[in-house]
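Visitor: I am new to reading protein structures, and I would like to understand how the words used for them are justified. Could you take me through one?

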Amino acid sequence: MNRLVSPNTETFSPQVVVKDVSLGASAAAADRFAEKIATTSDCVLGLATGGTPRDFYRLLAERDLCFSGVTTFNLDEYVGLAHDHPQSYRSYMRTHLFEKVGLDDRQTHFPVATSPTSDLQLAGAAYEKEIAAAGGIDLQLLGIGRNGHIAFNEPGASRTSRTRVVHLTESTIDANARFFDNRDQVPRQAISMGIASILDAKEIAVLAFGKQKSAAVAASLHGPVDASCPASFLRLHPNVTWYLDRDAMTSSSTEKSNA
Ligand code: PGA
């Protein structure tokens, strides 16, 4: 695969917070988001879904925070699922955060993807405009896939990509099948913010837990900055913090010490 970043491109060392267990890492990330919400007027948050951030959202919702000035943009949404489908990302966010903290539909945004036949490319551009009109994202939450994806930017995604329709890889369909009755029900397409959209955020927080993420974490922190591991592009951003448990860090530390 071609390198997308020349050797002269400036890269940054992220902050890495490692806790013994995932709950500690979730709490550390929730602390950062709480601080940001409390100190930023018209705070704009970028949010992620998946198994990883559940404790994070629970802990954030337990804080004594005012969300009335907060606007949120989620990274992605499946194509073809209705808003109120139990596995839509809007449903996930309602359950895990929005209903708990009183964030209503006017404050929360998702790329629109209810119909595979609607003009989804225009929807992508519209989402980018909405984010820009809100003043950009102050703090973006991310998870990471076992293959190094961020949002639905799978290996091969361009560093310059923006919100667009993407096809899920087989490994992502496999990973997400646990949320559906069976694998056939997992949508094959999603609409997702791109790498460039994510790198526009002023600050980024990445959560990764468990041994199954350790190879992707290692590649992101220490491997080449290229499309083979989309999360490696985060090293092009000057303000990224990784919140890890020991298991997610294990092989990355080993790789570093062997490098
Ligand atoms: P997970 O997904 O939290 O369900 O592991 C993370 C991701 O794919 O970004």
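Guide: What follows is a set of questions about this predicted model, each answered by setting a value against a definition.

Visitor: What makes strand 1 and strand 10 a pair?

Guide: Two strands count as paired if at least two bridges are found between them, and strand 1 and strand 10 (residues 240-245) are joined in the parallel sense over five bridges, so the rule is met. Within this pairing, Val17 stands opposite Tyr243 in strand 10.

Visitor: Which strands stand at the edges of the sheet, and why?

Guide: The sheet is open, with seven strands in the order 1-10-9-6-2-3-5 and parallel pairing. Strand 1 (15-19) and strand 5 (108-109) each have a single partner strand, so one side of each is left without a neighbour in the sheet. Helix 4 (residues 120-133) packs on this sheet, where it touches strand 3 (71-74) and strand 5, and its direction makes about 150° with that of strand 3.

Visitor: How do you know that strand 8 pairs with strand 4, and in which sense do they run?

Guide: Three bridges join strand 4 (residues 76-78) to strand 8 (residues 189-192), and the two run antiparallel; since at least two bridges are required, they count as a pair. Tyr78 stands opposite Ala190 in strand 8. Strand 8 also pairs with strand 7 (residues 164-167), in the antiparallel sense over four bridges, and there His167 stands opposite Gln189.

Visitor: Why are Tyr57 and Tyr92 called an edge-to-face pair?

Guide: Ring centres must lie within 6.5 Å, and planes over 60 degrees apart count as edge-to-face. For Tyr57 and Tyr92 the values are 6.3 Å centre to centre and 75° between the planes, so both conditions are satisfied. The pair links distant parts of the chain, with Tyr57 in helix 2 and Tyr92 in helix 3, 35 residues apart. Ring pairs also link Phe33, Phe56, Tyr57 and Tyr92 into a cluster.

Visitor: What makes Tyr78 and Phe180 an aromatic pair, and which parts do they tie together?

Guide: Their rings lie 5.7 Å centre to centre with 75° between the planes, which is edge-to-face. Tyr78 lies in strand 4 and Phe180 in the loop between helix 5 (170-176) and strand 8, so the pair ties together parts that are 102 residues apart in sequence.

Visitor: How do you know whether Tyr78 and Phe180 are buried or exposed?

Guide: Buried means under 20% relative accessible area. Tyr78 has 1% and Phe180 has 10%, so both are called buried.

Definitions and conventions
Residues are numbered from 1 along each chain as its sequence is written. This is a predicted model: local features need pLDDT of at least 70, side-chain atom pairs count only at pLDDT 80 or more; totals for chains, interfaces and linings use all residues. Side-chain values use heavy atoms; hydrogens and water are left out. Contact means heavy atoms within 4.5 Å. Axes are lines fitted to C-alpha atoms, for helices over the stretch in contact, and angles run from 0 to 180 degrees between N-to-C directions. Rings of Phe, Tyr and Trp (its six-membered ring) pair if their centres lie within 6.5 Å; planes under 30 degrees apart count as stacked, over 60 as edge-to-face and the rest as tilted. Buried means under 20% relative accessible area, exposed over 50%, partly exposed in between (1.4 Å probe, protein chains only).
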